[in-house]
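I am keeping these notes for someone who opens this structure without having seen it before. Each entry records what I looked up, in the order in which I went through it.

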Amino acid sequence: MGLMSPLGILSRFHACNLFKKVGLPLLSLILLAHVSTNLLFFLIIDPSEVTANYLLGMGRADCTGPVAEVPLMGYANPEQVGSGLLMRLYSRAFIVADLDDSRRVVFVSADIGMVSQRLRLEVLKKLKSKYGELYRQDNVILSGTHTHSGPGGYFQYTLFWITSKGLIRPSLNAIVNGIVKSIDIAHQNMKRGRLFINRGTVENSQINRSPFSYLENPASERSRYSSNTDKEMVMLKMVDENGQELGLISWFAVHPVSMNNTNHLVNSDNVGYASYLFEQEKNKGMLPGEGSFVAAFASSNLGDVSPNTKGPFCVNTGESCNNPHSTCPMGGAKMCMAMGPGNDMFDSTRIIGQNIYLKARVKTCKPALGHSFAAGTIDGVGAFNFTQGSVEGNPFWDEIRDQLLGEPSNETKACHKPKPILFSTGEMTRPHPWHPDIVDVQIAAIGSLAIIAVPGEFTTMSGRRLREAVKREFDSHGTPRMDVIIAGLCNVYTHYITTYEEYQVQRYEAASTIYGPHTLSAYIQLYRGLARAIATNTVQDLPRGPEPPFLNIGNMTLLPPLTADRMPANKTFGDVLQEVRQQYRATEVVEVTFVGANPRNSAENVTEHNFLTVERHTNTSDSWHVVWNDASWDTRFYWTKGSFGRSNVTIEWHIPCDTEPGVYRIRYFGHYKKKLSNNRAVFIPFEGTSSVFEITTL
């Protein structure tokens, strides 16, 4: 096959029409009757054409948003709200175009829980206003890393409002603006370059958190694999025409849940730490978030994959709870949690992130959620008395559901069997629909790499089946040797996708497979069709489907309003309440506490605001230079809310072992809200500075 230019096509189907065409079983037609597809194609460049060049661009931008009072997105725990910052969140954008700049594709990996449909629609709207038809629904892929420690509140469907306290505009705006800005930077930095693909095995970094479900898959299929998780990392490296490294995208299947549901510091978890390490190495002398080299560690088929390698045990007794229902003899499911490999969640995040970094461095039914959805996983347990593996309903909770939300229809009950339905979200429309019924599905093929952009969390075996089906389709239509990878949590969130066999056990992932037992079969049929269209050059024959709705949801939120900040008597904002010591050694922790103000003031009124800096004094110039900031792994920013509008901020600096001896100080930056006499309010910036302290040699 000779050199071909990339081609971008948008096409959609009502799924029932497509399934009739390809002969999908009738049951699957019911399951995904209202799901449409949004397809992206890029024709293939022969991998033997090593001289084939592209136009490449990459960019990174802050998308952190509010770090206080906003619920964190991932564990669905309403009590897990932000109260500080460990690491900033970033959007990382990559643009690949052919040399004449006629066609291009954008891949974005953002440090967020997942991409919501509302988020995607607003990003596309902004891109259209800036670039016209250059960046469109058919050539933009948005993927979330799936950190469970980022702010929530950016969904338009009702289910996600329950634990996120509605739509939180500052959170949504920060992500939208960050993604668009990262694309802007990539767009401005386009240059000629080459792409390289590499693969490697990552060990000691993951376990299957639902091994009993995995064992339900056929033994003949399991015997083809050496592990119940995918240990392979696929890396796409980008270099300019002079061989200078520009950036990379790495795909590896692991949940970013090293930080558990007791954490209240906004951060990007293990994969974000891997990005941090790689970018710090390549952007020598730059602060985190600065420098031209961009490294994204993106999500893949991570649905049943945990980084907590010590496995599940009962936190009250220490005994194993690795059983089909993940329960403990004393305390039930609430006591069963997985941890490791470190001594605490910070240590585990560092270890897993470093493992991933080192490997990259070396080279449908109507939607419904089952009872086990409420049980959570061994990475973050749920509430009340729900357990995993429930194939029968609970009369108590079913009655509450029926009275408050309505009973699921007989059709939906039969369609989802053996799932006992807790929420029949596809039949719930008040105050707005609870789940999407139009889903974007994309494939991007660049050179020998085919990126399958999936709208949810595929389990290990689901991902394997999908990859193999797509690869066979390419092979059988004259496009062999394709490197097929899965990019997870893209474009819209539809929870989990298990195999039919895993679905029968109804652990958490199966209960969260919202379109029913044949969801995977439906997706495989769709993606096979996309691969076939690419390989046979028939993308132009694909019809366009319905547009996803842009719901008129206003700014409904349960987030408490910002009140005026107050300070203690005889103090002002930024005053030091607890001072640093005069002297420290490397590996010790510097700690200082200030009179603070609500960090939401800064997030809602200022962009790209640093809450803290660690500065070193330079004797030769008698000046201070920033050596760490709030995006650094070694700094931690804690906000403690008091009464009557008062609050404190504590900043920690965990001194790295290679820190240069010298004189240092810590600075804190914030905004306080002041009410004026005319019932208006203003946000006033302030800062505080610790006493100087000395770092000595060990």
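**Entry 1, the second largest cavity.** I began with the classes of residue in the lining of the second largest cavity, and in this predicted model I found ten nonpolar residues there, with no polar and no charged ones. I then looked up the names, and the residues that line this cavity are Phe94, Val96, Val105, Val106, Phe107, Leu236, Met238, Ile249, Ile446 and Ile451. Strands E4, E5 and E10 (232-240) are the elements that give two or more residues to this lining, and the largest share, three residues, comes from E5. The space in the second largest cavity comes to about 60 Å³.

**Entry 2, the largest cavity.** I turned next to the largest cavity, for which I noted a volume of about 110 Å³. Its lining has 18 residues, and those closest to the centre are Tyr90, Arg92, Tyr276, Glu279 and Pro288. How is this lining divided by class? I noted six nonpolar, six polar and six charged residues for the largest cavity, whereas the lining of the second largest cavity has no polar and no charged residues. E4 and helix H8 (269-282) each supply at least two residues of the lining of the largest cavity, and H8 gives the largest share, which is five residues.

**Entry 3, strand E1 and its partners.** Since E4 had come up in both linings, I looked up its pairing, and I found that eight bridges join E4 (residues 90-97) to strand E1 in an antiparallel arrangement. E1 is also joined to strand E8 (residues 191-201), by three bridges, and this pair runs antiparallel. I followed Leu55 as an example: its bridge partner in E4 is Ala97, while in E8 it stands opposite Arg192. Is E1 (residues 54-62) largely enclosed or largely open? Eight of its nine residues are buried, so I wrote E1 down as largely enclosed by the rest of the structure.

**Entry 4, the nonpolar cores.** I then went to the largest nonpolar core, which has 37 residues, and the members that touch the most others are Leu119, Val123, Leu127, Tyr135, Tyr154, Ile179 and Ile183. The elements that give two or more residues to this core are E4, strand E5 (104-110), helix H3 (117-131), strand E6 (140-144) and helix H5 (169-188). H5 provides the largest share, seven residues. I picked out Leu119 and asked which residues it contacts once its neighbours within four places in sequence are left aside. The answer I noted is Ile112, Tyr154, Leu172, Ile175, Val176 and Ile179. There is also a second, separate core of 34 residues, and Leu72, Val266, Val576 and Ala597 are among them.

**Entry 5, a seven-stranded sheet.** My last search was for the order of strands in an open sheet of seven, and I recorded E7-E2-E3-E30-E31-E27-E25, with antiparallel pairing. Strand E7 (150-151) and strand E25 (576-578) stand at the edges with a single partner strand each, so one side of each is left without a neighbour in the sheet. Within this sheet I looked at strand E27 (residues 589-596), which is joined to strand E31 (residues 647-654) by eight bridges, the two running antiparallel. I closed the entry with one facing pair, in which Gly596 stands opposite Ser647 in E31.

How values were computed: Residues numbered from 1 in each chain as written. Predicted model: local features only at pLDDT ≥ 70, side-chain atom pairs only at ≥ 80, totals over all residues. Heavy atoms only, no water. Buried < 20%, exposed > 50% of the residue type's maximum accessible area, 1.4 Å probe, protein only. Helix = DSSP H or I, 4+ residues; strand = E, 2+ residues; numbered from the N terminus. Pairing = 2+ DSSP bridges. Core = buried A, V, L, I, M, F, W, Y, C linked by side-chain atoms within 4.5 Å. Contact = heavy atoms within 4.5 Å. 1 Å grid on protein atoms, 1.4 Å probe; cavity = no way out; pocket = protein on both sides within 12 Å on 5 of 7 lines; lining within 4 Å. Points joined across faces, edges and corners; volume = space filled by probe spheres on them. Nonpolar A, V, L, I, M, F, W, Y, C, P; charged D, E, K, R; others polar.
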